[in-house]
Amino acid sequence: MILRRVVLLLWCSIAAVVWAQQPSEMKPVTDRLAASVYTGPSMATLRELTDTFGGRLTGAPAYQRSAEWAAAKFRNYGIQNVRLEPFTIPAGWQRGSASGALVSPLPRPLNVASLGWSPSTPAGGVQGAVVVVSDVSAEKLKDTEPFRGKIVVLDSSKIFAEGWTKALPKLDAAWPVFQKAGVLAAVMTDREKNNVLNAHDMLWGAKMLPLPGAEIGMEDGKLIQRLLEQGPVTIQIVLDNKTAGETQVNNVVAEIRGSERPEEWILIGAHLDSWDFGTGAQDNGAGTASVLEVARAMMTLGKAPRRSVRFALWGGEEQGLLGSYAYTLAHKEELSKCVAVLNTDNGAGHPKGWKVEGRKDLKDAMQPWSDALLKDLSGGELSMETTYDTDHGPFLLQGVPALDLWVDMSKYFEIHHKSSDTIDKVDTLDFKAGTALVAVTAYAIAQSDKPIAPHIDHAAVGEILKEAKLDELLAYVGVWKP
Ligand SMILES: [Zn+2]
């Protein structure tokens, strides 16, 4: 009896060896892929993208031009199936000029920028007495009389002290209250020292603010608060932005048809849009150039992997992962055939490996591939961290195995959403190492005998979101129904 079982087990493991393509058998191909990436033109691609189009704000002409450019790149690599897939956002917005000044008691200029999706001020700007608001809970805003005809300065250090996810719903509710009270403009202090400004908006989903909204430097905000301790403070804010109604935005999607199981697909994605202070080099020109480069390198292999490989460049990420979310809705019927999603959007730092977004089974399934193929590429680590901060998120909600490229981010926030996010901060070798990691992982998953891991059901996704304390926020913004 025991003997028979041993024989049976032995037979099974031999059969498995014969049936499955081992990582070692894939290695010659993945080595070629990695070499192609290391010697390939990805830095030139990134430079072309960032220095030609600049910031690529969702829905703005620069975004659309960069989408057409990316589609042409895919076609130049020999990919036939390339599409622009549209979705709509509630409002289009382009930044114009912004200025502001302390008028009294100490006349001096302020470091000012428009909040994203803010309307313009009336011509000539608004000027008024300042009221500081440090708590935007409904309770504190019940009496609106103190705000009437004033400029509200929002003290971000206090408002966000309880965390972004808790503050967001309260802030959302505060804007209509300010509007009703006849507030001239609301001004958010930045939370970074040296009066550095970080580009951002306030409302999820590319919606217009109901009244002019600006940001000012941290030290400007502190000065205003000190002066207020001594008496009234008057400031002036002038914003001139271009706005539009409902606006069409295009995702760019290209596909290499699989050679054996074309109906099954993996998706490699990154967002093409960026904020507009810098030229979006690491957020997320680097991810965009990586996706293009993996497509180029894969086409040089001469034979497609077994499964189809889709390449997606998303719009609307910075306004709430809008392009990737729209894609999961538009392609809902075929998502069951999506074997995995690989996303890259954490900057071009030295790679570490992959974040498996809370899935232990996915981590276990990835481990042999990490050990055999990714460790040598300086990307063998796996992190259980779960986030909804970039475009793997909407796929995670659908139960699709979703991986987010994990890189060293110790320098990332020096440039993130700032005017300094330009290509001169990108380390060529680190960037190429991350891109090689994406290429090799994508090939291994597209080529492997079995799907990397199963889809998980709604309840299992809910558990992961709960564990990561994301469930309430995602329900609030309307992308998750518990
Ligand atoms: Zn990003």
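This note goes through helices, cavities, pockets and unusual backbone geometry in a predicted model.

1. Helix α2. This helix covers residues 23–39. Its 17 residues should span 24 Å at 1.5 Å a residue, and the end C-alpha atoms are 23 Å apart, so expected and modelled lengths agree. The helix has a kink all the same: about 35 degrees, centred on valine 29.

2. The packing of α2. The buried residues are Pro23, Met26, Thr30, Leu33, Ala34, Ser36 and Val37. An α-helix has 3.6 residues a turn, so residues three or four places apart point the same way. The buried set of α2 packs against three helices: α8 (281–299), α10 (360–374) and α12 (428–447).

3. Helix α4. Here the 16 residues from 61 to 76 should span 22 Å at 1.5 Å a residue; the end C-alpha atoms lie 23 Å apart, which agrees. The buried residues of α4 are Ala62, Tyr63, Ser66, Ala67, Trp69, Ala70, Ala71, Lys73 and Phe74. Note that a lysine, Lys73, is in that buried list. The cover over these residues includes α3, β1 (81–89), β10 (247–256), α8 and β12 (307–314). Just after α4, glycine 78 takes a positive phi of about 100 degrees.

4. Methionine 43. This residue sits in helix α3 (residues 42–53). Not counting residues up to four places away in sequence, methionine 43 touches Ile423, Val426, Thr428 and Phe431. Leucine 115 is 72 residues from methionine 43 in sequence, and their C-alpha atoms are 31 Å apart in space.

5. Histidine 271. Strand β11 (residues 261–271) contains this histidine. Is histidine 271 buried or exposed? Its relative accessibility is 0%, so histidine 271 counts as buried. A polar atom of the histidine 271 side chain lies 2.7 Å from the backbone oxygen of aspartate 273. Leaving aside neighbours within four places in sequence, histidine 271 is in contact with Asp283, Asn284, Thr288, Trp314, Glu317, Glu318, Asp345 and Asp391.

6. Cis peptide bonds. Most residues other than glycine have a negative phi, and most peptide bonds are trans. The bond from aspartate 283 to asparagine 284 is cis, with omega near 5 degrees. Asparagine 284 belongs to helix α8, and both Asp283 and Asn284 are among the contacts of histidine 271. The bond from serine 104 to proline 105 is also cis, with omega near 10 degrees. Proline 105 falls in the loop between β2 (92–104) and β3 (108–109).

7. Positive phi at glutamate 357. This residue is not a glycine, yet its phi is positive, at about 55 degrees. Glutamate 357 lies in the loop between β14 (351–355) and α10. With a relative accessible area of 0%, glutamate 357 is buried.

8. Positive phi at histidine 417. Histidine 417 is not a glycine either, and its phi is positive at about 65 degrees. The residue is placed in the loop between β16 and α12. Its relative accessible area is 15%; buried means under 20%, so histidine 417 is buried.

9. The largest pocket. About 1300 Å³ of space lies in this pocket. Of its 42 lining residues, the closest to the centre are Trp164, His200, Glu318, His416 and His417. Two of these have come up above: Glu318 is a contact of histidine 271, and histidine 417 has the positive phi of point 8. Both α6 (164–180) and β7 (185–189) supply at least two residues of the lining. Helix α6 gives the most, with three residues.

10. Cavities. How many cavities of 30 Å³ or more does a search of the whole structure find? There are two cavities of 30 Å³ or more. The largest has a volume of about 70 Å³. Of the 14 residues that line the largest cavity, Thr344, Gly347, Ala348, Leu405 and Phe431 are the closest to its centre. Phe431 is also touched by methionine 43. At least two lining residues each come from α8, β16 (402–407) and α12. Two of those elements, α8 and α12, are also packing partners of the buried residues of α2.

How values were computed: Residues numbered from 1 in each chain as written. Predicted model: local features only at pLDDT ≥ 70, side-chain atom pairs only at ≥ 80, totals over all residues. Heavy atoms only, no water. Helix = DSSP H or I, 4+ residues; strand = E, 2+ residues; numbered from the N terminus. Expected span 1.5 Å × (residues − 1). Bend = angle between axes of the 7 residues up to and from the residue. Buried < 20%, exposed > 50% of the residue type's maximum accessible area, 1.4 Å probe, protein only. Contact = heavy atoms within 4.5 Å. Polar contact = N/O pair within 3.5 Å; in protein donor to acceptor, adjacent residues only side chain to side chain. 1 Å grid on protein atoms, 1.4 Å probe; cavity = no way out; pocket = protein on both sides within 12 Å on 5 of 7 lines; lining within 4 Å. Points joined across faces, edges and corners; volume = space filled by probe spheres on them.
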